[in-house]
Amino acid sequence: MIIVLRPDATKEQIEHIVKKVESLGLKTMVSQGVERTIIGVIGKEDILQVQPLEIYPGVEKVMPVLAPYKLVSREFKPTDTIIEVKGVSIGSEKIVVMAGPCSIERYDLLLETARKVKSAGASILRGGAFKPRTSPYSFQGLGEEGLKYLKDVAEKVGMVTVTEIMDPRDLPLVERYADIIQIGARNMQNFNLLKEVGLSRKPVLLKRGMMSTIKELLMSAEYILSNGNFNVILCERGIRTFEESTRFTLDVSAVPVIKQLSHLPVIVDPSHAAGKWGLVPPLAQAAVAAGCDGLIVEVHPNPEEALSDGIQQLLPERFSEMMESLRKIAQAVGRKI
Ligand code: PEP
Ligand code: MN
């Protein structure tokens, strides 16, 4: 449920209500808007029937949240969530760009990629150390060695890092090396993994499952928020349709739909949707035009030799050109990149 406060509610009144609600064993989330403050309440709300909140000074009205995803919903928190990671803001006016190879392969390759994507305007370095491969015989990632390269390179170059976790048992390891923890499309409904990253203090990048609806994506995010981690970034990365020209069909409409339903930042992965490098720039342009808060793009200095997803990885020079084109589109929609 949501407690809407009067515009003249004082700080003391708000603190008093929060204390009261929490003393009943419920969780709260305070959202300070320009005009008024809203307190979201989560938990077994039946108790509030005997302790009606309308009687507290400062309360204007108490309303139920109708959506099945509560903490994630815009009803619960009308203002956009901005996630701060080591000086990089995700969800603000500036569109944040995450770029790097599909897999972390070699230290020198990662360093070269990081330097190039950073100079083109990316602030977050991506790279997988645990790879979800369709075939057990394909390259599975370097594991901890890869995580070490990622941290070391990012520190050297001055970037924030994002990397995928597949197994809840690896959480302490991934937390030690990475700034943002990625849950891949194939694990979007791995509920034990979601609960575990919900207990983490690191921001989570949650990718939409290739066969999941927007509602299912939001319910998965709810698992993370309801376990205490409110720093969740949602990612549209293409869904399965009957179309075969692309690896997946980028659901561009997911961007404005999610922005309406949720306060969480939404980013787009044009690389895994396209499956071909030539389609990555136009899809990225469409994503920026649709209002995304960020992009995650695969870049490799030598895609021919890449150990995974070579066909869709952009050369650094092409990435740079793409960034130039995105600047104009961002400006047209009132954003920066
Ligand atoms: C990735 O980003 O490395 C990845 C495997 O993407 P997805 O989970 O979207 O397939
Ligand atoms: Mn990939």
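In this predicted model, helices α2 and α3 meet through Y107, L110, L111, A114, R115 and K118 on the α2 side and Y149, L150, D152, V153, K156 and V157 on the α3 side, where contact means heavy atoms within 4.5 Å. Sorted by class, the residues of this contact come out as eight nonpolar, no polar and four charged. Here Ala, Val, Leu, Ile, Met, Phe, Trp, Tyr, Cys and Pro count as nonpolar, Asp, Glu, Lys and Arg as charged, and the others, Gly among them, as polar. Helix α2 spans residues 107–120 and helix α3 residues 144–157, and their axes come within 10 Å and cross at roughly 40°. Helices (H or I, at least four residues) and strands (E, at least two) are DSSP runs, numbered from the N terminus. The axes are lines fitted to C-alpha atoms, for helices over the stretch in contact, and the angles run from 0 to 180 degrees between N-to-C directions. With that angle, α2 and α3 are oblique to each other; angles under 35 degrees count as roughly parallel, over 145 as roughly antiparallel, 65 to 115 as roughly perpendicular and the rest as oblique. The crossing of α2 and α3 is right-handed, that is, the near helix is turned clockwise from the far one by less than a right angle, with anticlockwise giving a left-handed crossing.

A few words on conventions. Residues are numbered from 1 along each chain as its sequence is written, while chains are lettered from A and ligands numbered from 1 in the order in which they are written. As this is a predicted model, local features need pLDDT of at least 70, side-chain atom pairs count only at pLDDT 80 or more, and totals for chains, interfaces and linings use all residues, with side-chain values using heavy atoms and leaving out hydrogens and water.

Y149 of α3 also gives a handle on helix α4 (residues 171–177), where V174 has its place. The C-alpha atoms of V174 and Y149 are 12 Å apart, with their positions 25 residues apart along the chain. V174 is buried, at a relative accessible area of 0%; buried means under 20% relative accessible area, exposed over 50%, and partly exposed in between (1.4 Å probe, protein chains only). Apart from neighbours within four places in sequence, V174 touches F130, L147, T163, I165 and I181.

Next comes helix α6 with its two partners. The axes of α5 (residues 191–198) and α6 (residues 214–226) come within 7 Å and cross at roughly 40°, so this pair is oblique. Their crossing is right-handed. On the α5 side F191, L194, K195, V197 and G198 take part, and they meet S220, Y223 and I224 of α6. That contact holds five nonpolar, two polar and one charged residues. As for α6 and α7, the two pack at about 50° with their axes 11 Å apart, which makes α6 oblique to α7. Again, α6 passes α7 in a right-handed crossing. I214, L217 and L218 in α6 meet A254, V257, I258 and L261 in α7, a set made up of seven nonpolar, no polar and no charged residues.

Helix α7 (residues 254–261) also carries K259, a lysine that is buried at 17% relative accessible area. Setting aside neighbours within four places in sequence, K259 is in contact with R74, D80, L264, V266, G291 and D293. One of these, G291, sits just after α9 and takes a positive phi of about 100°.

What about α9 itself? In this helix (residues 280–289) the buried residues are V280, P281, A284, A287 and V288. Seen down the helix axis, they fall within an arc of 120°, so they line one face of α9; the arc is that of the directions from the helix axis to the C-beta atoms. These residues pack against β13 (266–268), α8 (270–274), β14 (294–298) and α10 (316–332). Among them, A284 is buried at 0% relative accessibility, and its contacts beyond four places in sequence are P270, L295, M322 and L326. The C-alpha atoms of A284 and G294, ten residues apart along the chain, are separated by 9.6 Å.

Finally, two loop residues stand out by their backbone. K86, in the loop between β5 (83–85) and β6 (88–90), has a positive phi of about 45° although it is not a glycine. K86 is exposed, at 61% relative accessibility. D309, in the loop between β14 and α10, likewise is not a glycine yet has a positive phi of about 50°.
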